[in-house]
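Please examine the sequence and the model shown here before reading on.

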Amino acid sequence: MSYTSGLKRGVSRRKFLAGTIKGAAAAPVLLGGLTSCKSANQIKGSGKVKSQQLEEIINRRFRREKIAHLPTPLEKLDVLTAELGGPQLYVKRDDQTGLAFGGNKTRKLEFIIADALDKKAEVIITWGGEQSNWCRQTVAAARMFGIKPVLVLSQKEAGAVKYDGNLFLDALLGADIRFVAPGTDRSRITEDVTEEMRAQGHNPYVVAVGGSSVGGSMTEPIGAVSYTGAFLETYNQAQEMSIKVDYLVHASGSGGTQSGLVVGARAAAPEVKVVGISVGGAKAASQRNITEISRGVFEALGLEMTISPEEIIVFDDYVGEGYGVLNQEIADAIRLTARKEGILLDPVYTGKAMAGLMDLIKQGYFKKDDNVIFMHTGGTPALFAYKEQLLEMIK
Ligand SMILES: Cc1ncc(COP(=O)(O)O)c(C=O)c1O
């Protein structure tokens, strides 16, 4: 999908309408040796963009609110590496991004809240499960900017709601929560609440779970764009620490995180392989979803590059019994990481991703002298919602 085809499809190309949006470039962007006049923002071929240039493109094209504590640390995991016998492991602490216990959504929300404010939204409506980290962080970000947060939360089980973990925090932050009983149509409830807000005279900003896919009020994949920035931040830190990065491994859900990372790698450092561990989706569907979002990010950034589903590395081998279902491998990964490194993982995303990483190491997927960065995407409040089960499993 090229930038031009995006125009044909009528995708919002607001950044090309010089001067219409704060921070957008009114004149062609100068990109060192890559500059030409008319298509100054279009760069062809992977690995051709210096990370600083890509950062400049992101900053010029997209406005963001300062919410996250950046850069997050990149740390060496020597004890865990010794325990597992190599490759050399590192952790990128995106659990430390700030915003109501942190996590990957903070970066996404810097762009999404800015978009909501630009669109004069007074209410933000989104959805997820009872233990959604996305919802918790969206509520906190909305509160920072005086926007009313409305959540449509799918109940795991019928009956009384248990206010624990993320759900407890949603309540503490004062979200307007609409519960969806199992088997009920979530999209219908979302439409109804959107109409309700309009009828009350509010201008709602509707954004899909995870802030990854375009739809509702979000016309460009700005959540994923934030993870292209995260890739550059990580890559630059690694360079400063003289680390040659071979792999970046992380939990993959709605796909925005992986898409942003994949675009960053393809554009600026194609030698880095981005490996997603699916937390719920099947491999082929995840590859298609991530490809679509990634192409949208290329387009949004004016990069004339593309990617195909087969090039997306995602493992669905660790999904187990499904999204949010804890198993012994996840519990073991959480326990080992806590007891070797003092780092807390969560039962739904990062624990599963670490279980996947540990198994891939066991299977010999990596070389002993590879450098592997584990992107810790947060999610730790969910630990409390799973504590009884976890305590049983870590005995
Ligand atoms: C803690 C955590 N890690 C990883 C992810 C996956 O990110 P994405 O939905 O962008 O694939 C999520 C998504 O909710 C999350 O909450």
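The paragraphs below proceed from the chain as a whole to its sheets, its loops and the surroundings of the ligand.

This is a predicted model, in which local features need pLDDT of at least 70, side-chain atom pairs count only at pLDDT 80 or more, and totals for chains, interfaces and linings use all residues. Residues are numbered from 1 along each chain as its sequence is written.

The chain has 395 residues, of which 51% are buried. Here a residue is buried if 20 or more other C-beta atoms, placed from the backbone, lie within 10 Å of its own, exposed if 12 or fewer do, and partly exposed in between. The secondary structure comprises 14 helices and twelve strands; helices (H or I, at least four residues) and strands (E, at least two) are DSSP runs, numbered from the N terminus. Among contacts between residues at least 6 apart in sequence, 77% join residues at least 24 apart, a contact being a pair of residues whose C-beta atoms, placed from the backbone, lie within 7 Å.

One open sheet consists of six strands in the order S2-S3-S12-S8-S9-S11, and its pairing is mixed. Two strands pair if DSSP finds at least two bridges between them. Strands S2 and S11 (313-315) each have a single partner strand, so one side of each is left without a neighbour in the sheet. On average, neighbouring strands of this sheet are turned by 25° against each other, direction ignored; axes are lines fitted to C-alpha atoms, for helices over the stretch in contact, and angles run from 0 to 180 degrees between N-to-C directions. Within the sheet, S8 pairs with S12 (residues 371-376) in the parallel sense over three bridges, and Leu-248 has Ile-373 in S12 as its bridge partner. Helix H10 (residues 283-300) lies across S8, S9 (273-278) and S11, and runs at about 145° to S11.

A further open sheet is formed by four strands in the order S6-S5-S4-S7, with parallel pairing. Its edge strands are S6 (176-180) and S7 (204-206), each of which pairs on one side only. S4 (residues 123-129) and S7 run parallel and are joined by three bridges; Tyr-205 in S7 is the bridge partner of Ile-124.

Several loops hold backbone features that merit inspection. A cis peptide bond with omega of about -5° joins Leu-70 and Pro-71, and Pro-71 is found in the loop between H2 (51-61) and S2 (74-76). Another cis peptide bond, with omega of about 5°, joins Gly-86 and Pro-87; Pro-87 lies in the loop between H3 (78-84) and S3 (88-93). Ala-100, although not a glycine, has a positive phi of about 50°. Is Ala-100 buried or exposed? Ala-100 counts as buried because it has 22 C-beta neighbours inside 10 Å. Ser-242, also not a glycine, has a positive phi of about 55°, but Ser-242 is exposed, with 6 other C-beta atoms within 10 Å.

Finally, the ligand is surrounded by 20 residues, of which Asn-133, Gly-253, Ser-254, Thr-377 and Gly-379 come nearest. A residue is near a molecule if its C-beta atom, placed from the backbone, lies within 6 Å of it. H5 (133-144), S8 (247-252) and H9 (256-268) each supply at least two residues of this shell, and H9 provides the largest share, three residues.

Notes: Contact = placed C-beta atoms within 7 Å.
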